[in-house]
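Hi,

Here is the structure I promised to pass on. Have a look at it first, and my notes follow underneath.

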Amino acid sequence: MKSYFFLFLILINSSISHGQNPSCTCFIKGFVRDQHSGQPIAGATVLLTGTTNGVFTNDKGRYEIKDLCPGAYTLEARIVGYSVYKQSIDLKTGHEENFTLLEQEVHLKDVEITAQRTDAPSSQPLTMISGNDLEQTRGQTLGESLKGISGVTSMQTGSSISKPVIHGLHSNRILILNNGVRQEGQQWGSEHAPEIDPFVATRLSVIKGAAGVRYGSDAIGGVILVEPEELPFNKPLSGEVNLVGFTNGRQGVVSSTIQGGIKGLSGFGWRAQGTIKRGGNIRTPNYFLDNTGISEKNFSLGAGYRHKGFGIDLFYSRFDTKIGIFSGSHIGSVTDLLNVIKNGEPFVKSGFSYKIGRPDQNVTHDLLKAEAHYNFQDGNRLQWTIAQQVNNRNEYDLHVPRNDSIAALNHPELTFKLNTLTNDVIWDHKPIAGKISGQIGLSTLYQYNLMTGRPLIPNFNQFNIGVFWIERYIKNDWEFEAGVRYDYRTLSTHRIASRQKISNYFDFHNASGTVGATRNLTQNLSARLNAGSTWRAPNVSELFSDGVHHGAAAYEKGDSTLHPEKAFNSIASIKYASEKLTIEIGGYFNYIKDFIYLKPQPEPILTVRGAFPYFKYTQTDASFKGIDVSAAWQFVKNITVTSKLSYLKAYDTRNDDYLVMIPANRLDNQLKYEIPLLANFHNVFFSVGNLWVARQKLVPPNSDFMPPPAAYSLWNIQAGGTIHLSNKQQLEIGLSVQNLFNTVYRDYMNRFRYYADDIGRNASLRLKWTFGA
Amino acid sequence: MNMNRKLTWMLLFGITTLFTQCKDSGDEVKADDENELITSVTLTFTEVGTGTVTTFAYKDPDGDGGNAPTKFDTISLKANTSYTLTPAFLDESKTPVDDITAEIKEKAFEHLLVYTPNPTTLLTYTYGDKDTNGYPIGLTGTAIAGAAGTGTLKVQLRHQPNAKNGTITPGSDDVNLDFNLKVK
């Protein structure tokens with residue numbers, strides 16, 4: 001599903017004496033290959049930007065650009081279905097002025113370039129976190145790691161439960177692909193974070209905007225790709241050990257990876273990875289938060305085999321976490337909530353402890369995946385992925401049952417077991433005339449959910465089948481793409497009400513479509529435009545919720561007559577990239593027809609714990625308009641300033657009002673000073689950053705128990721460098737302090753904003769030892 | 001070679017069918033089990049002296065949501081009269097009916113009943129019991145009705161595990177009901 005190609009370039013730079021233009025006889029030649037399969041890619045465009053030199057690779061993936069004068073060039077490879085890759089090449093390295101008549105010199109250099117094969121619509125913005133940027137997020141949850149991307153924020157329940165939000169949409173409106181497999185947990189819940197260990201990935205990418213055609217309905221807001229590196233086929237043993245320590249929560253994280261090929265057996269590669277995380281109570285600037293510890297143990301195993309055009313990969317991962325939920329957030333009634341808000345700080349006082357007691361969540365997620373592909377001689381490619389996921393979620397309430405004998409069993413008050421089987425078959429047809437490429441795919445999903453405990457959602461069985469067809473066309477500076485998809489879903493739900501078993505059956509089906517264009521205006525400037533439509537079927541909690549949501553002090557009721565929401569998304573972006581300056585400006589407009597939301601009802605609902613505000617899942621029409629800007633400017637040698645702005649305005653167009661729980665606008669600035677070599681340290685950097693988050697003013701009047709928190713500004717500092725211990729071993733060191741001035745703040749998207757301040761100062765030390773690579 | 005490839009593919013597709021075994025989540029539906037549910041709250045006022053018993057109740061047999069509460073009485077008391085007040089709590093959704101009062105008595109050191117009249121002149125409550133730590137419970141006590149008037153009586157059952165200190169502050173509500181109160 002995701003593979004990468006690398007250009008394996010052999011640069012031969014030769015200058016031979018000739019008539020009038022003696023030095024313009026250099027040439028570049030090489031191969032273009034898909035890294036995932038190792039197969040040559042025919043029909044790829046390889047060109048030197050800013051010149052008219054451009055060639056296509058032949059059937060064997062070979063290309064050659066001749067008659068080049070010495071000088072600095074940017075080599076660009078463009079292949080339909082892959083993201084554009086650029087590489088700077090200096091054709092006069094080593095002998096600037098020595099192109100004399102009789103001198104004959106041959107430079108042989110291997111340049112290995114890896115670029116991502118993209119299944120993502122190329123006309124939609126794709127932002128990636130990898131390398132050094134990813135290293136700096138190590139030890140954090142997936143949701144926190146992605147926060148550095150403009151347009152991406154997080155919805156939190158305290159500091160240990162964090163869900164990614166893309167352009168204001170989250171939960172069931174975004175998709176997470178873990179190693180190519182659609183992550184299926186209980187993602188409808190606002191306190192259910194993605195069950196993924198970010199250490200599995202060497203790259204985290206976010207596709208902003210509706211990407212439903214390729215990845216399936218539901219992807220209204222965007223898609224997050226969590227991708228490990230390609231397995232090390234036929235490579236020697238290598239690995240890494242990461243150690244991360246955080247002062248806040250006195251949290252420690254250890255993660256290591258070991259990988260290699262198998263000696264004497266060609267075509268094999270394997271990898272084993274594991275992470276252990278343990279943290280205690282989090283401290284806000286003024287007090288500890290009781291019972292906010294975390295304990296996590298994850299591991300993954302991967303193995304693969306490649307032979308000629310055939311390849312198979314097996315992957316297994318287990319995620320196992322135990323998260324304490326801040327005990328001061330437990331409330332019984334609206335009065336309890338109003339009292340905590342009035343008090344301004346939690347009633348529950350605590351010191352530091354690693355103990356995780358009730359309330360807590362205990363979640364395991366197992367994923368078993370097999371992927372096989374075959375590249376036919378004629379350029380066709382067939383890929384099949386099958387995966388099974390078992391998500392086991394246990395939630396323990398603060399109070400044990402009053403009856404001692406039942407309490408002694410210590411059963412969770414809520415248990416969900418979700419079992420999902422997905423199947424994806426994708427056929428990439430052979431490129432037509434080297435200009436049109438495309439793929440046709442069939443995806444199925446079968447899942448069932450079993451739940452016990454306090455009433456929340458019913459048991460259900462769900463089956464989904466989808467077919468899609470995407471074509472891409474490249475001509476000169478233009479790249480076009482178009483795709484269609486059709487999905488059909490059946491859902492049956494089963495629950496017991498008034499001691500009777502009640503079953504309901506639903507069918508949902510709809511089409512999705514996308515069209516897009518990319519234009520390279522100049523060497524540095526490109527523009528993209530994408531328009532698409534996708535849909536999302538209501539999920540089980542929207543259909544059947546019926547009870548008090550204690551975290552939100554609200555009575556939430558589902559509606560089994562809801563119909564799917566339909567999204568119409570347009571997104572345009574312009575990117576300028578030069579050596580010193582990169583600017584990307586993107587604007588989006590997402591119109592969601594029949595947007596499902598919780599509508600406040602005029603009458604509260606009476607329970608034994610008093611009257612609760614009553615909310616019913618209802619449909620309206622909503623618009624999400626926003627701008628993402630990111631810019632990096634190296635204004636003095638080695639000093640770069642980076643700015644990111646996220647602006648979003650969401651509106652309920654049917655009721656002429658704002659929407660709740662929409663992230664506030666924010667501005668992130670960073671100043672970085674880099675030193676290539678300082679004593680024994682390579683790639684040394686120092687940086688200082690500031691994150692400013694506005695107050696969310698666009699909320700419906702009287703929609704909340706307390707007004708959205710004030711704007712806040714947080715400072716952070718980082719430093720890092722790498723020591724080369726030996727030829728094949730290096731040690732990376734990173735230091736950072738978040739919330740440097742221990743600022744007291746609360747965030748609108750943190751569900752604990754009613755109860756307590758957000759996390760205080762947090763210093764961290766990261767060590768990464770790599771060997772063999 | 002070509003044959004091998006075909007075989008591989010056939011094998012792989014074969015595995016798919018193995019996975020397609022279906023499980024019906026409808027066969028394993030379990031009834032809801034809410035461990036802290038209280039479906040009925042009954043307040044028994046026994047007039048001091050005469051021994052006349054009057055009871056007032058809140059009943060919501062199917063718990064939160066679903067059908068609306070079936071009963072929510074207005075408390076009616078005689079002015080300037082003393083009563084012994086004993087509350088009773090049941091979870092009638094379980095079979096047999098769960099006697100929550102007994103469980104509160106057993107765990108008296110983590111429960112506190114609070115009676116708050118509004119306006120305060122309507123009623124004066126005095127605790128008549130103490131837990132093992134010497135803090136009041138409220139399962140029995142004296143309520144003296146004041147001058148005639150109307151208002152409300154808030155009845156709260158505070159669940160305060162490991163935090164009970166005799167005040168209302170710690171813990172959370174297991175019951176929080178505003179009964180209408182008429183003193184005449």
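**Backbone oddities first**

At 25% relative accessibility, A:Asn742 counts as partly exposed, because the buried class stops under 20% and the exposed class starts over 50%. Before I go on, please keep in mind that this is a predicted model. I started with A:Asn742 since its phi is near 55°, which is positive although the residue is not glycine. You will find A:Asn742 in the loop between strand E41 (729-738) and strand E42 (762-771) of chain A.

Chain B has a case of this kind too: B:Asn162, where phi is near 55° and again positive in a residue other than glycine. B:Asn162 sits in the loop between strand E10 (149-159) and E11 of chain B. Is B:Asn162 buried or exposed? With 81% relative accessibility, B:Asn162 counts as exposed. As background, most residues other than glycine have a negative phi, and most peptide bonds are trans.

That brings me to the cis bonds. The peptide bond running from A:Arg358 to A:Pro359 is cis, with omega near -10°, and A:Pro359 belongs to the loop between helix H4 (334-343) and strand E21 (360-375) of chain A. In chain B, B:Asn118 and B:Pro119 are joined by a cis peptide bond with omega about 0°. B:Pro119 is in the loop between strand E7 (111-118) and strand E8 (123-127) of chain B.

**Chain B and the cores**

Chain B has 2 helices and 11 strands, and from the N terminus on its elements run α-β-β-β-β-β-β-α-β-β-β-β-β. Of its 184 residues, 43% count as buried. Looking at contacts in chain B between residues at least 6 apart in sequence, 63% join residues at least 24 apart.

The largest nonpolar core has 32 residues, and B:Val41, B:Phe45, B:Ile75 and B:Leu77 touch the most other members. Strand E11 (residues 172-183) of chain B gives the most to this core, contributing 5 residues. If you want one residue to click on, try B:Leu77: leaving aside residues up to four places away in sequence, its contacts include B:Phe45, B:Phe56, B:Tyr83, B:Leu123 and B:Leu181. There is also a second, separate core of 18 residues, with A:Ile282, A:Tyr287, A:Val340 and A:Tyr754 among them.

**Where the chains meet**

The contact takes 51 residues from chain A and 53 residues from chain B. About 4600 Å² is buried between chain A and chain B, with carbon and sulfur atoms giving 56% of that area. How many salt bridges does the rule find across the interface of chain A and chain B? There are 2 salt bridges. In one salt bridge, the side chains of B:Arg158 and A:Asp336 meet at 2.6 Å, N to O. Counting polar contacts between chain A and chain B gives 11 residue pairs, both residues at pLDDT 80 or more.

On the side of chain A that touches chain B, strand E24 (residues 436-453) of chain A supplies the largest share, 6 residues. That side divides into 23 nonpolar, 18 polar and 10 charged residues.

**Salt bridges over the whole structure**

Over all chains, the search finds 35 salt bridges. A:Glu135 pairs with A:Lys768, with their closest N and O atoms 2.8 Å apart. This pair links distant parts of the chain, 633 residues apart: A:Glu135 is in helix H1 (residues 131-135) of chain A and A:Lys768 is in strand E42 of chain A. Both A:Glu135 and A:Lys768 are buried.

A:Asp397 and A:Arg454 also meet through their side chains in a salt bridge (2.8 Å, N to O), and they are 57 residues apart. A:Asp397 counts as buried at 17% relative accessibility, and A:Arg454 counts as buried at 16%.

A:Asp594 and A:Arg654 form another salt bridge, their closest N and O atoms being 3.1 Å apart. A:Asp594 lies in strand E32 (residues 581-600) of chain A, while A:Arg654 is in the loop between strand E36 (639-652) and strand E37 (657-658) of chain A. Here A:Asp594 counts as buried at 12% relative accessibility, whereas A:Arg654, at 44%, counts as partly exposed. Finally, salt bridges with shared partners join A:Arg173, A:Arg536, A:Glu542 and A:Glu565 into one network.

Cheers

Notes:
Residues are numbered from 1 along each chain as its sequence is written. Chains are lettered from A and ligands numbered from 1 in the order in which they are written. This is a predicted model: local features need pLDDT of at least 70, side-chain atom pairs count only at pLDDT 80 or more; totals for chains, interfaces and linings use all residues. Side-chain values use heavy atoms; hydrogens and water are left out. A nonpolar core is a set of buried Ala, Val, Leu, Ile, Met, Phe, Trp, Tyr and Cys residues joined through side-chain atoms within 4.5 Å. Buried means under 20% relative accessible area, exposed over 50%, partly exposed in between (1.4 Å probe, protein chains only). Helices (H or I, at least four residues) and strands (E, at least two) are DSSP runs, numbered from the N terminus. Contact means heavy atoms within 4.5 Å. Buried area is the accessible area (1.4 Å probe) that two parts lose on being put together, summed over both. A salt bridge is a side-chain nitrogen of Lys or Arg within 4 Å of a carboxyl oxygen of Asp or Glu. A polar contact is a pair of N or O atoms within 3.5 Å; within protein, one must be able to donate a hydrogen and the other to accept it, and residues adjacent in sequence count only if both atoms are side-chain atoms. Ala, Val, Leu, Ile, Met, Phe, Trp, Tyr, Cys and Pro count as nonpolar, Asp, Glu, Lys and Arg as charged, and the others, Gly among them, as polar.
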